[in-house]
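Visitor: Before we talk, could you put the model in front of us, and then explain how each label you use follows from the values?

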Amino acid sequence: MRIPLASSGLRPKDIEEVIKTLNSGNLTMGARVREFETAMARYLNAKHFVMVNSGSSANLLMIEALLRPTYGKSLLSPGDSVLLPAIAWPTTVWPIVQLGLNPVFIDVDLETLSIDLNMAQKLIDNSRIPIRGIFPIHPLGRAISNAALKEFSLKNELVLINDVCESLGSWDGKLHAGTEGIASSFSFYFSHHITTMEGGGIATNDDYYADDLRSMRSHGWSRDRSDAAEWNQNLNNNDSKFLFVSTGYNLRPMEIQAAIGLRQLEDLDTFVSNRRRIAATVSKALDNSSLRVVGAKTLEFESSAKSHSWMLIPIQVMGPNARERKEKITRHLNELGVETRPVLTGNFLAQPAIQRIMRKLSDAEKFVNATKIAQEAFLVGAHHDLDSDQINFLCQSLNSASKI
Ligand SMILES: Cc1ncc(COP(=O)(O)O)c(C=O)c1O
């Protein structure tokens with residue numbers, strides 16, 4: 001038996017939508033994308049949702065629109081410092097670097113695996129460099145408190161943007177994870193909570209920012225903006241279809257992606273409750289063992305259960321020699337057919353690319369919690385498609401591995 005980390009997630013009814021859409025002849029961004037955006041905005045209780053071709057593109061666009069808005073003052077300028085968690089995904093960090101901002105890493109909290117706000121506050125209080133933004137990741141399905149992020153960013157006058165690419169379907173009370181602040185990014189890469197094969201998007205409540213995202217997603221043109229008519233009043237010999245009002249990329253999604261997304265979104269709640277059930281079963285099976293499910297506390301109380309949508313299950317090896325045991329445990333699991341992987345990228349500061357872009361060699365080991373997680377923890381799959389035999393096999397395999 002195999003317990004994969006990822007599964008295509010495409011069902012016959014999703015594929016039917018693809019064929020219907022291809023046969024309609026409408027291929028590039030159009031009505032289905034707009035329909036999916038409306039459905040996502042409704043789901044997230046956000047004013048706007050702007051679909052793009054990946055979660056990485058969503059992160060890039062969120063930063064571009066902060067740097068070069070068409071109206072008003074830029075919320076960030078080149079050279080500004082932005083806080084990021086030491087356990088990060090590359091394309092959360094790269095847009096910061098690529099667009100001339102300065103990444104400042106903060107160690108993670110061992111329970112949430114995201115930015116430790118107490119450490120972030122200490123850095124702000126003791127640092128001579130002014131910090132202008134914070135870009136937390138809501139990791140692996142775990143909602144980080146919106147109220148805490150809002151309070152922290154207001155107190156320190158920071159622009160708050162959220163990477164929610166791993167945490168669709170995760171709620172912090174009545175608010176979806178990451179929906180405080182200016183914007184939040186989502187990914188629909190295959191095996192995420194819903195898939196559009198590749199795909200992503202940005203949620204925001206800011207009308208001007210949403211219009212800039214729409215322009216910047218598509219060469220910088222005015223066509224998809226809500227204020228296109230106003231721009232058209234002063235065409236200055238330009239054609240309204242070819243009026244470019246901002247910087248831009250081509251990060252547009254395709255109609256087939258939106259068509260799949262619409263079908264998948266209908267079943268998101270079921271997918272997420274399956275994932276929670278898998279995490280609860282695994283956590284129970286590991287009670288009193290030397291392995292701990294990181295984030296299992298959210299499963300203990302009905303009130304907090306929805307704050308985790310379990311993209312994957314993080315498992316930490318406890319007790320002495322955890323680092324050496326993790327190597328043996330993951331090898332054993334892989335031999336049994338249970339796939340494992342590092343927690344995101346491990347300690348991101350230990351990645352070779354970071355050494356190349358930071359001016360001085362970054363000291364990865366100073367990030368004690370990120371190093372601990374990289375050395376002692378691993379991920380197993382929690383895909384909503386796993387059947388009960390696979391879930392039992394996963395629990396048995398983890399149980400036998402815990403005795404190593
Ligand atoms: C935290 C985080 N941000 C961004 C991304 C990028 O998303 P995508 O793969 O859709 O580009 C990922 C990928 O899964 C991710 O885990």
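Visitor: In which pocket does the ligand sit?

Guide: In this predicted model, the ligand sits in the second largest pocket, a label that applies because more than half of the atoms of a molecule must lie within 2 Å of the grid points of the pocket.

Visitor: What makes the pair between Ser 56 and the ligand a polar contact?

Guide: A polar side-chain atom of Ser 56 lies 2.6 Å from an oxygen atom of the ligand, and the cut-off for a pair of N or O atoms is 3.5 Å, so the pair qualifies. By that cut-off Asp 163 also qualifies, with an N or O atom of its side chain 2.7 Å from a nitrogen atom of the ligand, and so does His 192, whose side chain places an N or O atom 3.3 Å from an oxygen atom of the ligand. Taken alone, the ligand exposes 380 Å², of which the protein buries 92%.

Visitor: Which elements give two or more residues to the shell around the ligand?

Guide: They are helix 3 (55-67) and helix 4 (90-98), and helix 3 gives the most, with three residues. In total 15 residues surround the ligand, Gly 55 and Glu 166 being among the closest, and by class the shell has four nonpolar, nine polar and two charged residues.

Visitor: Why is the protein chain called as compact as a globular protein of its length?

Guide: The protein chain has 16 helices and 12 strands. Its radius of gyration is 22 Å, close to the 22 Å that the globule rule gives for 404 residues, and therefore the description holds.

Definitions and conventions
Residues are numbered from 1 along each chain as its sequence is written. This is a predicted model: local features need pLDDT of at least 70, side-chain atom pairs count only at pLDDT 80 or more; totals for chains, interfaces and linings use all residues. Side-chain values use heavy atoms; hydrogens and water are left out. A residue is near a molecule or strand if one of its heavy atoms lies within 4 Å of it. A polar contact is a pair of N or O atoms within 3.5 Å; within protein, one must be able to donate a hydrogen and the other to accept it, and residues adjacent in sequence count only if both atoms are side-chain atoms. Accessible areas come from the Shrake-Rupley method with a 1.4 Å probe; for residues, only the protein chains shown count as cover. On a 1 Å grid over the protein atoms alone, a cavity is a set of points where a 1.4 Å probe fits but cannot get out, and a pocket is an open set with protein on both sides within 12 Å along at least five of seven lines; lining residues have an atom within 4 Å of a point. Helices (H or I, at least four residues) and strands (E, at least two) are DSSP runs, numbered from the N terminus. Ala, Val, Leu, Ile, Met, Phe, Trp, Tyr, Cys and Pro count as nonpolar, Asp, Glu, Lys and Arg as charged, and the others, Gly among them, as polar. The radius of gyration is taken over C-alpha atoms; the globule rule is 2.2 Å times the number of residues to the power 0.38.
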